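Visitor: I have a chain to look over and a list of questions about its helices and rings. Can you take me through it?

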Amino acid sequence: LERYAAQLPCLHEGLNPRDAKTYPHLNQWFEAMETTVPAYACRVRGNPSSWRKVLTMAGYGNAGVPPSVVERMEDFDLEEG
């Protein structure tokens with residue numbers, strides 16, 4: 001789920017699995033895992049920036065990553081910055 005939360009907003013504009021208004025139960029799951037499960041937070045949890053970088057290696061063939069995806073990835077990197 002954390003991979004989807006990092007990658008889906010890059011692939012589909014306006015799709016944010018962590019949006020509490022649109023997906024309240026999913027957001028509650030993320031909050032619970034990140035705040036109440038120590039093993040997840042310190043051993044298992046990935047890094048959103050790293051999950052987005054995986055998109056650059058995903059199966060886009062020889063065409064590379066679509067420009068719209070690259071722009072969204074850069075926007076999210078700046079937000080984390």
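Guide: Start with the rule for aromatic pairs: rings of Phe, Tyr and Trp (its six-membered ring) pair if their centres lie within 6.5 Å. Planes under 30 degrees apart count as stacked, over 60 as edge-to-face and the rest as tilted. Keep in mind that this is a predicted model.

Visitor: By this rule, what does the count of aromatic pairs come to?
Guide: A pair of aromatic rings is described by the distance of the centres and the angle of the planes. Applied to this model, the rule gives a count of 2 aromatic pairs.

Visitor: What kind of aromatic pair do Trp29 and Phe30 form?
Guide: Their centres are 5.2 Å apart, and the planes meet at 75°. An angle over 60 degrees sets the class. The Trp29 and Phe30 pair is edge-to-face.

Visitor: Is Phe30 buried or exposed?
Guide: The cut-off for buried is under 20% relative accessible area. Phe30 has 1% relative accessibility, so Phe30 counts as buried.

Visitor: And how does Trp29 count by relative accessibility?
Guide: Between 20% and 50%, the label is partly exposed. Trp29 has 34% relative accessibility, so Trp29 counts as partly exposed.

Visitor: How are the rings of Trp29 and Tyr40 paired?
Guide: The ring centres of Trp29 and Tyr40 lie 6.4 Å apart. Their planes stand at 65°, so this pair is edge-to-face.

Visitor: Which parts does the pair of Trp29 and Tyr40 tie together?
Guide: The two residues are 11 residues apart in sequence. Trp29 belongs to helix α2 and Tyr40 to helix α3, so the pair ties together α2 and α3.

Visitor: Is Tyr40 buried or exposed?
Guide: The same cut-off serves here: buried means under 20%. Tyr40 has a relative accessible area of 8%, so Tyr40 is buried.

Visitor: Which residues do ring pairs link into a cluster?
Guide: One pair joins Trp29 and Phe30. Another joins Trp29 and Tyr40. The cluster is Trp29, Phe30 and Tyr40.

Visitor: Which residue has its charged end over the ring of Phe30?
Guide: The charge sits 4.5 Å from the centre of the Phe30 ring. It is the charged end of Arg18.

Visitor: What span does helix α2 reach from its first C-alpha to its last?
Guide: Helix α2 covers residues 24-36, 13 residues in total. At 1.5 Å a residue, 18 Å is expected. The helix comes close to that, with a reach of 17 Å.

Visitor: Why are the buried residues of α2 on the same side?
Guide: The buried residues are Asn27, Phe30, Met33 and Glu34. An α-helix has 3.6 residues a turn, so residues three or four places apart point the same way. These buried residues of α2 are on the same side because they cover an arc of only 130°.

Visitor: What lies on either side of α2: which exposed residues, and which helices?
Guide: The face turned away from the buried side carries the exposed His25, Gln28, Thr35 and Thr36. The buried residues pack against α1 (2-11) and α3 (38-44).

Visitor: Which residues of helix α4 are buried, and within what arc?
Guide: In helix α4 (residues 48-55), the buried residues are Ser49, Arg52 and Leu55. They line one face of the helix, because seen down the axis they fall within an arc of 95°.

Visitor: Which helices do the buried residues of α4 pack against?
Guide: Two helices are named as packing partners here: α1 and α5 (67-80).

Visitor: Which residues are buried in α5, and within what arc?
Guide: The buried residues are Val69, Arg72 and Met73. Cover for them includes α1 and α4. They line one face, because they fall within an arc of 105°.

Visitor: Which residues are exposed on the other side of α5?
Guide: This helix has 14 residues and reaches 20 Å, close to the 20 Å expected. Its exposed residues on the other side are Pro67, Glu71 and Leu78.

Visitor: What is the secondary structure of the chain, and what share of residues is buried?
Guide: The chain has 5 helices and 0 strands. Along the sequence the pattern is α-α-α-α-α. Of the 81 residues, the buried share is 23%.

Technical notes:
Residues are numbered from 1 along each chain as its sequence is written. This is a predicted model: local features need pLDDT of at least 70, side-chain atom pairs count only at pLDDT 80 or more; totals for chains, interfaces and linings use all residues. Side-chain values use heavy atoms; hydrogens and water are left out. Helices (H or I, at least four residues) and strands (E, at least two) are DSSP runs, numbered from the N terminus. The expected span of a helix is 1.5 Å times one less than its number of residues. Buried means under 20% relative accessible area, exposed over 50%, partly exposed in between (1.4 Å probe, protein chains only). The arc is that of the directions from the helix axis to the C-beta atoms. Contact means heavy atoms within 4.5 Å. A charge sits over a ring if NZ of Lys or CZ of Arg is within 6 Å of the ring centre and within 35 degrees of the ring normal.
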